[in-house]
Amino acid sequence: MSVMKRRDFLNSGALAAGGAFFTSGLSLAGAPARSRPHARLVLVILRGALDGLAAVPPLGDRDYPRLRGEFALRSPGQPQGALPLDGFFGLHPSLGFLHSSYGARELVVFHAVASPYRERSHFDGQDVLENGSTVPHALQSGWLNRALGSAAPVGTRQSGVALGQNVPLVMRGPAEVTSWSPSKLAGLDEDTLARITDLYARDPLLSVRLADALAADAMVAQNGRLDAMAQEMAAAPDSPSMSPAASPAPKSLAPGADRYAEIVHAAAGFLRQESGPQVAVFDTTGWDTHANEGGAEGQLAGRLAGLDKGLARLREELGSTWKDTAVLLVTEFGRTAAINGTRGTDHGTATMAFLIGGAVAGGRVIADWPGLSSRALYQGRDLAPTLDLRCVLKGVLDEHLSVPQRVLDGSVFPGSESVRPLRGLIRA
Amino acid sequence: MQQFSSIIAANRFGLGARPGDLAAIGEEGRGWLHSQLTAAAPVLADAGLGTSAGVLAQAFALQRQIQLERRSGGDVQQRLPQFLKPIYVTEATARLRQGVLTDRPFVERLTQFWSNHFAVSVDKQYLAGLAGSFEREAIRPHVLGNFGDLLVAAEMHPAMLLYLDNHLSVGPHSDAARRAELRRRPAKIGINENLGREILELHTLGVGGGYTQADVTSFATVITGWSVGGGNGLFATGPPGRFVFRPDTHEPGPKTVLGRRYADKGYEQGVEVLSELAQHPSTARHIATKLAQHFIADEPPPAVVARLAQAFTEHGGDLRPVYAALIDSPEAWEQPLAKYKTPSDFIVSSYRGLNLPVDSGRGPLAPFELLGQRTWQPGSPAGWPDRSADWDGASALLKRIEWADAVGARLGSRREAAALAPQLLGASLGESTRIAVSRAASASQALTLLLASPEFLRR
């Protein structure tokens, strides 16, 4: 491997020319049914098991007030009431942006949805959610990585970035992906970097990781320059109009601003770029509300408000790219239907999922509602699953990223032939 | 292989070689490790370190004060964090200092292993002030003892009870629940199964270890009443900040866990279940697997796991024979650099290798945050993960290089990297690294290359 210096990389023209984002080749398999070169996908993993009955309360279910007691949300229109969806379901009042997106037909809400995992361990639940099989620890790679490796090739750009220092399981695998997180230290000088690159030349892991890190850094630097350029242009009234790739100009965040905002900002920066990665992944934590969960206000309400704000920021920062974007929000499982003895909820089964974005054919709740009567509950305690989360994931990968059906059935979600993709989630 | 004896002992089993360590160990890596197990486990003696009970009692009192002042409109939001954070800094610094200075680094690594096995996380209320004392009070005294004692000490500690919500868990047929029902309190009180589940899943049997949801629920009722003194309302009585058994919130009656019936003896019912769990074959296998993964390879050889599990069972959970079996496993000595260092491993070994000072203040702890492994903040009761893929991200690697660069710049010619390289990396030092370090453009750059080298990133 040749010595690559940071400035050389930036000057190589690779980025400007829309060339390879990543230095190593991708394994590409299968021809695309159709190609959506601008499509962007964001996967947000909500770790800790988000309470779907709190985020998307089934207001029309007669058992809901009994199970949720003091935390049951009031009807829309009442003080601190839920936000209306389809008359039966509502949204938690902290989810104002999601609600306006629903009105703009850019949000699909799924309910009573679950991965194939039926036990109640967070860690195994997340493993199944990410590895794409039906069994914990069955695979060492993730479904999204395998989908990337086999989706419609658009040059060699078909790739992903994880926002964070390390790559979560869902994005690990043969397809080349990178990770990026904000740095608080001064950059390295070119000579040191060149020597380290040489030092790693015969180390298959480190050489690839370093090259990917530098490529991601270069992309962020490039994005910073576009931001600055766009701001200058916006400031000068007579300037020519900006190229779509450079719009809009988000205010850059001060270093040390909260992590979530920084991550959303970076994700948008990657995805806006013509030659950037097509898929971004990040995760949020703090959903494991065993005690003092709260109702319209309280612990979970605060977390949901933060999530909602982050998504609003993502939309704003993506600018014109939002119309090509679909954001999937998933969690490993749901929580008990009833409040537990410590004003919280314990590990459960089915929950909700969200699909939001300009590319989404939204304004709908998709749920085959099982009900919350004691007989309807899974094992007498949890919302029963009636929709396999893989139907949602396969639908999005098929329509949005053009991953061929046989690849979805075979390698992305092994042995899932009988799990049919949900159609019509993405605007034609 | 004999040539790797010292480097594997010092870097994989220990916390990284200091100058002179490898020569002292020589070909006696095993003997060096065995000898660390004989004396009692070291305690952290530092005048600045308080007890969990003391910290909690003060924190509870402060919390009440805050509630009073909030009613009168005072700006009190930051008072509790302001009280707890300096305690965290002092404790985490003491732990780092021990890691850097200890002559028994194998025992210290074992301490970190068990602390992570029984993980608490400082992102939960009060835990910033308790995580350090939890490790000193519940983990350190039992690291070279018996697993059953370690288990009971960890589960009964106020830090664990608070972290996994058990202090509030109330039996649905307990006196307290019945009284609440009579008063028609709107919020029902009852069990919280968080601790019960994690004991079975994470601390003992392991997931797939043969328990059901019914076992989780039943075990959670067994440990109702395991609480902490000095809380609010129903939980106010008892010595503040200490373990309290509350008979009035304990679910009465016999319970069945894993097919065995336990008569109700109050608090002892829980201890009996824990003692049974500690001796369960699934627990032996779970612990053996985690130890082998930590000390030998991401995919531990099945023969080693079987051997360790057998030692665990044969000696009734005594840990010294298990560690001895680990040291004596030939598989541990075949492959140097088999594990990718966690950020904490990387930082501590840098401190040791370069003899960096551990001052007070936040400075020495900064790299843990920067490299993504803030001490006692795994964010989940599962603790930090232990495989290469969990830590070898592109951005994570660049952060390590950037930190190595900052360390090199700070030290400059005060350390000589070319002389240190063979002392820190021994037989694992490769030709590329040796040449790169010796031909570096400056003393600073040489140190950066040494710390960022493929050999130093692994253990």
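Begin by selecting chain A in this predicted model, where buried residues make up 55% of the 428 residues. The secondary structure of chain A comprises twelve helices and eleven strands, and if you consider its contacts between residues at least 6 apart in sequence, 73% of them join residues at least 24 apart.

Next, select residues 40-46 of chain A, which form strand β1, a strand that is mostly covered, with seven of its seven residues buried. Show the side chains here, keeping in mind that in a regular strand the side chains alternate between the two faces of the sheet. Arg40(A), Val42(A), Val44(A) and Leu46(A) point one way from β1(A), while Leu41(A), Leu43(A) and Ile45(A) point the other way, and all of these residues are buried.

Keep β1(A) in view and add residues 325-331 of chain A, which are strand β8; the two strands run parallel and are joined by seven bridges. To find one place where they face each other, label Leu46(A), which stands opposite Thr331(A) in β8(A). Then add residues 279-284 of chain A, strand β7, which also runs parallel to β1(A) and is joined to it by six bridges. A useful pair to label here is Leu41(A) and Val279(A), the latter being the bridge partner of Leu41(A) in β7(A).

From the strands, move to residues 389-401 of chain A, helix α11, whose 13 residues reach 17 Å from the first C-alpha to the last, close to the 18 Å expected at 1.5 Å a residue. If you display the surroundings of α11(A), you will find that the helix is largely enclosed by the rest of the structure, because 13 of its 13 residues are buried. Step just past the end of α11(A) to Ser402(A), which takes a positive phi of about 60°.

Now bring in chain B and look at where the two chains meet, a contact that takes 45 residues from chain A and 48 residues from chain B. On the side of chain A that touches chain B, at least two residues each are supplied by α5 (122-131), β6 (177-180), α7 (190-199) and α8 (204-235) of chain A. Of these elements, select α8(A) with particular care, since the largest share of that side, seven residues, comes from α8(A). Colouring the side of chain A that touches chain B by residue type will divide it into 14 nonpolar, 18 polar and 13 charged residues. For the model as a whole, the scores are ipTM 0.93 and pTM 0.86.

Turning to chain B itself, colour it by confidence: the chain averages a pLDDT of 95, and 99% of its residues score at least 70. Select residues 5-13 of chain B, helix α1, and pick out Arg12(B) within that helix. Arg12(B) counts as buried because it has 27 C-beta neighbours inside 10 Å. Leaving aside its neighbours within four places in sequence, Arg12(B) is in contact with Phe295(B), Lys339(B) and Arg459(B). Draw a distance from Arg12(B) to Lys341(B) as well, since the two are 329 residues apart in sequence but 9.1 Å apart in space, C-alpha to C-alpha.

Finish with residues 105-117 of chain B, helix α6, whose 13 residues should span 18 Å at 1.5 Å a residue, which agrees with the 18 Å between its end C-alpha atoms. Twelve of the 13 residues of α6(B) are buried, so the helix is largely enclosed by the rest of the structure. Among the buried residues to label in α6(B) are Phe106(B), Glu108(B), Arg109(B), Trp114(B) and His117(B).

Terms used: Residues numbered from 1 in each chain as written. Chains lettered and ligands numbered in written order. Predicted model: local features only at pLDDT ≥ 70, side-chain atom pairs only at ≥ 80, totals over all residues. Contact = placed C-beta atoms within 7 Å. Helix = DSSP H or I, 4+ residues; strand = E, 2+ residues; numbered from the N terminus. Nonpolar A, V, L, I, M, F, W, Y, C, P; charged D, E, K, R; others polar. pLDDT = per-residue confidence, 0-100. Expected span 1.5 Å × (residues − 1). Buried ≥ 20, exposed ≤ 12 C-beta atoms within 10 Å, placed from the backbone. Pairing = 2+ DSSP bridges.
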